[in-house]
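Hi everyone, thanks for making the time. I'd like to walk you through one model this morning, so let me put it up on the screen.

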Amino acid sequence: MQTILVTGGAGFIGSNFVRHMLSMRPDWRIVNLDALTYAGNAANLDDMATQAPGRYRFVHGDINDSDLVKRILIEERAGAVVHFAAESHVDRSILGPLAFVETNICGTARLLMACRDVWEQSGRPRDFRFVHVSTDEVYGSLGPDGYFTETTAYDPSSPYSASKAASDHLVRAWQRTYGFPALVTNCSNNYGPFQFPEKLIPLMILNIVAEKELPVYGDGQNIRDWLYVIDHCEALAAVLERGIPGETYNIGGGAERANIDVVRQLCTLIDQRLHREGASCGSRLIRFVGDRPGHDRRYAIDAGKIKRDLGWRPRFQFEDALAATVDWYLSHGEWIDAIRSGDYRRWIDTNYGAARVG
Ligand code: NAD
Ligand code: TYD
């Protein structure tokens, strides 16, 4: 049994990673350290106690709390860390950048310090790994041609992407300066179950269902390279198990779509499922609104390196996985109601009283 410390495992990608990997790797135990910000929903993983008995532990805490991180690493004898915890929404970073500096930059630095301390004290085990989960947004904006590779110069546009860029530099510095066995991944936009409905795809799904307006920024021609979240999780497992410390791996789905096309496709999928036609079709709700400041035009990943070196490739087609995502949201009304009402934030009190879990 090997134990992995996951940070931010109550969020979108982290909770999919925990769920998927506990099912795919029966010899893994996962400890999930999450501060439960507005984006964290510990209930996403409530069924792990029965699905993976004895192999999942939730710890309510902050990556900035070095003593807690060290205690977990030592008492669990964790052999790896997969670092998801972050403030992750570009629009929020425009309104309030400091939280992004505090979590994404300071939090990553403190996490690195705590992990390195324990790694040094344990005799620098050769097989220890620290995987830093980052974004393609660090590379900035592409024109109509070309792709981001691992050697593309960083050129972040938003407080979010600038804070992630800084965290990537810190991780690489720890690897080069201290020999700390860290790897960096830069992935394109994810979609799938459990994504907080402030990001494009779940926001649009919920608004179409509720017959609310669909705010499309600018001319709707900004392009994102979409990857189904399970493909991302499998890429991260490949990096953890077969990646080389000090290396960076770009992860992408090769599914470039203009935002307006994604929104139209979601309208069609939901129209079909809710038997809406003519004047009640979802596309009537589309509204072109003012553009996001600093809005990157196009992201597109060259995932050649991870395919060649680690044998990973995406398994899911965009059209199929988008339809599956719509079906997941349509069949998880309780999850959506808990998000809307804020009930999901009462998870700690309901499950553990006011005491910290750990
Ligand atoms: P998310 O916002 O859904 O989840 C973030 C999680 O981190 C939440 O559970 C939150 O409670 C937790 N968290 C925040 N601050 C914390 C702190 N100080 N200590 C402990 N936990 C804390 O984010 P996501 O979309 O799942 O993204 C996860 C990671 O993947 C992020 O690092 C993000 O930059 C990166 N990423 C995301 C995408 C994407 O499309 N969503 C693409 C590429 C990379
Ligand atoms: P988002 O899901 O916020 O991800 P990111 O900004 O990290 O790429 O947005 C995806 C794209 O959709 C981005 O180009 C901004 C656009 N967008 C809208 O047009 N309307 C919206 O309401 C949102 C949330 C995003």
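Let's begin at E120, which has a relative accessibility of 26% and therefore counts as partly exposed. Its partner is R124: the two form a salt bridge, with 3.2 Å between the closest N and O atoms. R124 is partly exposed too, at 40% relative accessibility. Please keep in mind, here and throughout, that we are looking at a predicted model.

How many salt bridges does the structure hold? The count is 20, and I'd like to show you a couple more of them.

Have a look at R297 and D219. Their closest N and O atoms are 2.9 Å apart, and they make a salt bridge. What I like about this pair is that it links distant parts of the chain, 78 residues apart. R297 sits in the loop between β13 (286-289) and α10 (304-310), while D219 sits in the loop between β8 and β9 (223-225). As for exposure, R297 has a relative accessible area of 37%, so it is partly exposed, and D219 falls into that class with 40% relative accessibility.

Next, R346 and D343. Here the side chains meet in a salt bridge with an N to O distance of 2.1 Å. R346 is partly exposed at 46% relative accessibility, and D343 is partly exposed with a relative accessible area of 39%. Beyond single pairs, there is also a network: R29, R57, E75 and E76 are joined into one by salt bridges that share partners.

Now for a charged residue that goes without. D231 lies in helix α8, which covers residues 229-242. Why does D231 have no salt bridge? The nearest side chain of opposite charge, R315, is 4.8 Å away, and a salt bridge needs the nitrogen and the carboxyl oxygen within 4 Å, so this pair does not qualify. D231 is buried all the same. Leaving aside neighbours within four places in sequence, D231 is in contact with W312, R313, P314, R315 and F316.

Let's move on to the ligands, starting with ligand 1. It is surrounded by 29 residues, and the closest are I13, D34, S88, Y160 and K164. Several backbone atoms come up here. A polar backbone atom of G11 is 2.9 Å from an oxygen atom of ligand 1, and a backbone N or O atom of F84 lies 2.9 Å from an oxygen atom of the ligand. I63 also takes part, with a polar backbone atom 3.1 Å from a nitrogen atom of ligand 1. On its own, ligand 1 has 840 Å² of accessible area, and the protein covers 96% of that. Which elements give two or more residues to the shell around ligand 1? They are α1 (12-24), β5 (129-135) and α6 (159-178), and β5 gives the largest share, three residues.

Finally, ligand 2. This one has 17 residues around it, the closest being E137, L200, P215, R292 and H295. Here I'd point you to side chains. An N or O atom in the side chain of N189 is 2.8 Å from an oxygen atom of ligand 2, and N259 has a side-chain N or O atom 2.8 Å from a ligand oxygen as well. H295 places a polar side-chain atom 2.7 Å from an oxygen atom of ligand 2. The protein covers 96% of the 510 Å² of accessible area that ligand 2 has on its own. The elements giving two or more residues to that shell are α7 (200-210) and β8 (214-217).

That's my tour, and I'm happy to take questions.

Notes: Residues numbered from 1 in each chain as written. Chains lettered and ligands numbered in written order. Predicted model: local features only at pLDDT ≥ 70, side-chain atom pairs only at ≥ 80, totals over all residues. Heavy atoms only, no water. Helix = DSSP H or I, 4+ residues; strand = E, 2+ residues; numbered from the N terminus. Buried < 20%, exposed > 50% of the residue type's maximum accessible area, 1.4 Å probe, protein only. Lys, Arg positive; Asp, Glu negative; His and termini not counted. Contact = heavy atoms within 4.5 Å. Near = heavy atom within 4 Å. Polar contact = N/O pair within 3.5 Å; in protein donor to acceptor, adjacent residues only side chain to side chain. Areas by Shrake-Rupley, 256 points an atom, 1.4 Å probe, with all protein chains shown as cover.
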